[in-house]
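Reader: Hey, I've got a structure to go through for class. Can you walk me through how some of it fits together?
Author: Sure, let's have a look.
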Amino acid sequence: MCMLTDSLPAAGPAPEASAFTMEDKAVSAEEEEVFSPEELMRRAIALSVESVAQGGGPFGAVIAREGKIIATGANRVTLDCDPTAHAEIQAIREAARRLGTFDLGGCEIYTSCEPCPMCLGAIYWAHLDRMYYGNSKKDAAAIGFDDAYIYEELDRNPASRRLKSEVLLPDEAIEAFRAWEKKEDKTEY
Ligand SMILES: [Zn+2]
């Protein structure tokens, strides 16, 4: 479990930083090796098992291009106090950073479990070409990770969702959109 005040280092790298460096080296050594889809999924599964031992959630992910590992990720929600630190998000962020692009077209994701709506959305935004998953949503629900209600919420009209929401200051909010439309040197994504 994360304890915000206790885990903030006064100076120097956080404990996570050294773990990240080790991971970084492991990926670098492998990056020219070409793996089969089964081997890449086994890597994602191994990350999910290691994650449990390290205090994270039981999820791991690998992003590969033509069988070569670009990035890996494991669930760090409780370790980092980050509700968005799902394995797929971690892997997408790392892959994009390594490749220096926000477009991961040409890459594939291997995730130890069928993604939640947030990660599925991120996979679409990242333009990943293909997804492989091991466990299903049903398997995840059986151990307490039930995201079915989020999928159900997406189908509902905003007014009838569990999450209360209302439109506020749309006339002011539109300003950024007008600026975006006018901008000629924008980077579209
Ligand atoms: Zn997710």
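Author: Keep in mind that this is a predicted model. A good place to start is β3 and strand β4 (residues 130–135), which pair in the parallel sense over 5 bridges.
Reader: OK, and which residue in β4 is the bridge partner of Y110?
Author: That's Y132.
Reader: What about β1, does that strand run parallel or antiparallel to β3?
Author: Antiparallel: strand β1 (residues 60–65) is joined to β3 by 4 bridges. One pair to look for is I63, whose bridge partner in β3 is I109.
Reader: So is β3 enclosed or not, and why?
Author: Strand β3 covers residues 108–113, and 5 of its 6 residues are buried, so the rest of the structure largely encloses it.
Reader: Cool. Which helix goes with β3 and β4 in the β-α-β unit?
Author: Helix α6 (residues 117–125), and the unit that β3, α6 and β4 make is right-handed.
Reader: Switching to helices then. How do α5 and α6 cross?
Author: The axes of helix α5 (residues 87–99) and α6 come within 9 Å and cross at roughly 25°. Angles under 35 degrees count as roughly parallel, so that is what α5 is to α6.
Reader: Left-handed or right-handed crossing?
Author: The crossing of α5 and α6 is left-handed.
Reader: And which residues meet there?
Author: From α5 you have E88, I89 and I92, and they meet C119, A122 and I123 of α6.

How values were computed. Residues are numbered from 1 along each chain as its sequence is written. This is a predicted model: local features need pLDDT of at least 70, side-chain atom pairs count only at pLDDT 80 or more; totals for chains, interfaces and linings use all residues. A residue is buried if 20 or more other C-beta atoms lie within 10 Å of its own, exposed if 12 or fewer, and partly exposed in between; C-beta atoms are placed from the backbone. Helices (H or I, at least four residues) and strands (E, at least two) are DSSP runs, numbered from the N terminus. Two strands pair if DSSP finds at least two bridges between them. A crossover is right-handed if, with the strands pointing away from the viewer, the path from the first strand over the helix to the second runs clockwise. Axes are lines fitted to C-alpha atoms, for helices over the stretch in contact, and angles run from 0 to 180 degrees between N-to-C directions. Angles under 35 degrees count as roughly parallel, over 145 as roughly antiparallel, 65 to 115 as roughly perpendicular and the rest as oblique. A crossing is left-handed if the near helix is turned anticlockwise from the far one by less than a right angle, and right-handed if clockwise. Two residues are in contact if their C-beta atoms, placed from the backbone, lie within 7 Å.
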